[in-house]
Amino acid sequence: MAGAGPAPILFNEFFQMFMRCMPPNGWPVNSKIAVGNSGGPDSTCLLFLLNKLLTDLRSKAMARQSIPTSVVSLSVNHNLQETSQSMAARSAANAEAMGVEHLTLDIPWGTPPFSAKPVAGEPVEQVAREARYHVIFDGMARTGAHSVAFGHHADDQVETSLMRLARGTTELGAGGMRRCRRWGMGTGDVEGGLGWVGHHGLNRWIMRPLLEVRKDRILATCEEHQLDYVNDPTNFQPEITLRNAIRHMLTLQEEGKDMSALSGLPQHISGSLDKIKIAAADLQETTMDLEGGLHQLHGAVKVLSSRLEDVDNEVTFHLKNLTLPSPPSTLILSSHALPAIVDPTVRLAFVLRVMRYVSFHPWGSMRADGNRRRTSIQRTIDTLWQSDGAPPFTAGGGVLWQPAIFSAKRRLRVGTQCLGRQLQPGERFAWMACRLPAVPYHILDTAALPSKLDIDITERLAIAMSRGNDFLEVLFDCRFLVRFDLSQIPEELVGALRKYQETGVNVRIKPHTKFYWPKVVLRKPSCPDTTYATLVDDGQIDTFGHAPWVTMEYIRLLDAT
């Protein structure tokens, strides 16, 4: 007697999956959630289950819980294959059939910030991904969605883990995708560039409710509910992307077929497959046998994912215990308890978390993690955990590490003056992590600074005032959100802004202090800058006798998401 086939996903089961994806502080009241809808079986199944769940909850007492109240379907037309238009049309038709709001997002190749359309033979995977995520975030903003759900499943998780191993990831990266994570500031370098979303991305979320579900159960769910979908033919062409090649390799192994079908792959893909085999054999936390079948790989990746969650929790615990009162934008860590962290993986995650918090690179980007270069990060770990201290140093990520002596009753000492010093009663050795200076502090006011550190906001202020806006927000150095209350702006600045095109005056945000805190200045031709607002040591804002028309908030996060 043949065994029963894979079971469809039950609605109560999906509810539990969805609730495990809830952001740490819950969903905003009356929020909207988007679904990335490709028209394929995974996203079609997710859209159906999520829409059914939210519809049912709206009619029950559970609707009073803080969960999204509506769903919107977002489809991306890459315009890269002949099937792009038809798949976008299928996505829209599926959403309409379910009664779900839908928006199709076209990628305008060749229109800034998008590159020219990739041509045949060029690596397309990363380019298409960056463009896709850029338009999805724009779609979220246009539709008012607080979060976006993707249909990634357990088989995708295995592929992602293997892809990361090909790139030389640590075991943390091999844990794969998180069920829920912040969008982050994006991957772009400059405001308005491809992948850039700025501070808005810190309050947007990506979630993957189906991450622990096998593909066969998703197909069974589509069949059970007679859901119409299409398969993207490019997903089955291993020569196009590394993910496709991994999928093809695993399918051949699962079916016991000859692996010679992979012999004609492009060199960059075949080379990556070889790297995966070597890296998988070197894993310490689990055994990942590429020839052991998908079932074994699912178990191995699940172990690594669980390990990632445990490490996140342990790092959070240690940060709470080790962090001392710190000046804004810095982190002071008590040295005496660092040796208690003995697990190398926890040490690595600890350092990465601190780097991401104080770096000036976009929060959530690889650059904020020092591009996860193993040698640089290991140098940081070795230096922090040695008992005799060390001079100030940097090892990537835009972070300066300095020895410090902390006392609740005395002024903080930082730098080489701390080396070899005998502690006084009430003092303790510490490390301070802060932004790496772009130029020495003593020439900060006269040196030519990068545009992200010397921001001319004159035109933005003038336009916001002419439109009758109440506020203007400016992200400074990917670290501080400077917010202007335009109803409280000093009169002399209002007058200067009315004639700025004639007089050449401008209002700027520049750094001050060795920690590069923001200050707002008025610059007139041939005159010294006049300061109108600065951040001071206790985190307060000095507006020099004017009404509190500016706030400066350090917005980088220390949590694991």
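Mentor: Helices (H or I, at least four residues) and strands (E, at least two) are DSSP runs, numbered from the N terminus. The model is predicted, with local features needing pLDDT of at least 70 and side-chain atom pairs counting only at pLDDT 80 or more, while totals for chains, interfaces and linings use all residues. Residues are numbered from 1 along each chain as its sequence is written, and side-chain values use heavy atoms, with hydrogens and water left out.

Trainee: Thanks! Let me start with the backbone. Where is proline 113 found, and what is the peptide bond from proline 112 to proline 113?

Mentor: Most residues other than glycine have a negative phi, and most peptide bonds are trans. Here, the bond joining proline 112 to proline 113 is cis, its omega being near 10°. Proline 113 sits in the loop between strand 3 (101-106) and helix 4 (125-143).

Trainee: Which loop holds asparagine 79, and which one holds aspartate 477?

Mentor: Asparagine 79 belongs to the loop between strand 2 (70-77) and helix 3. Although not a glycine, asparagine 79 has a positive phi of about 55°. Its relative accessibility is 23%, so asparagine 79 counts as partly exposed (buried means under 20% relative accessible area, exposed over 50%, partly exposed in between, with a 1.4 Å probe and protein chains only). Aspartate 477 is in the loop between strand 13 (471-476) and strand 14 (480-485), and its phi, near 60°, is also a positive value in a residue other than glycine. Aspartate 477 is buried, with a relative accessible area of 1%. You can add glutamine 226, which takes a positive phi of about 55° just after helix 6.

Trainee: Now helix packing. At what angle do helix 5 and helix 8 pack?

Mentor: Two packed helices are described by the angle between their axes and the distance between the axes. Axes are lines fitted to C-alpha atoms, for helices over the stretch in contact, and angles run from 0 to 180 degrees between N-to-C directions. For helix 5 (residues 154-166) and helix 8 (residues 267-281) the angle is about 95° and the axes are 8 Å apart. Helix 5 is therefore roughly perpendicular to helix 8 (under 35 degrees counts as roughly parallel, over 145 as roughly antiparallel, 65 to 115 as roughly perpendicular and the rest as oblique). Leu162, Leu165 and Ala166 of helix 5 meet Ser272, Lys275, Ile276, Ala279 and Ala280 of helix 8, where contact means heavy atoms within 4.5 Å. By class, that contact has 6 nonpolar, 1 polar and 1 charged residues (Ala, Val, Leu, Ile, Met, Phe, Trp, Tyr, Cys and Pro count as nonpolar, Asp, Glu, Lys and Arg as charged, and the others, Gly among them, as polar).

Trainee: What is the angle between helix 5 and helix 9?

Mentor: Helix 5 packs on helix 9 at about 75°, with the axes 9 Å apart, which means that these two are roughly perpendicular to each other. From helix 5 the contact takes Ala154, Asp155, Gln157, Val158 and Ser161, and from helix 9 it takes Leu294, Leu297, His298, Val301, Leu304 and Ser305. The classes there are 6 nonpolar, 4 polar and 1 charged.

Trainee: Is alanine 154 of helix 5 buried or exposed?

Mentor: Alanine 154 is buried, at a relative accessible area of 8%. Setting aside neighbours within four places in sequence, alanine 154 is in contact with Leu210, Leu211, Glu212, Val213, Arg214 and His298. Alanine 154 and arginine 214 lie 60 residues apart in sequence, with 5.1 Å between their C-alpha atoms.

Trainee: And the second largest pocket: what is its volume, and how many residues line it?

Mentor: A pocket, on a 1 Å grid over the protein atoms alone, is an open set of points where a 1.4 Å probe fits, with protein on both sides within 12 Å along at least five of seven lines; lining residues have an atom within 4 Å of a point. Grid points are joined across faces, edges and corners, and a volume is the space filled by probe spheres set on the points. The second largest pocket has a volume of about 830 Å³ and 33 lining residues, with Met177, Arg178, Arg179, Ser305 and Glu309 nearest its centre. Helix 5, strand 5 (180-182) and helix 9 (294-322) each give at least two residues to this lining, and helix 9 has the largest share, 12 residues. By class, the lining has 11 nonpolar, 12 polar and 10 charged residues.
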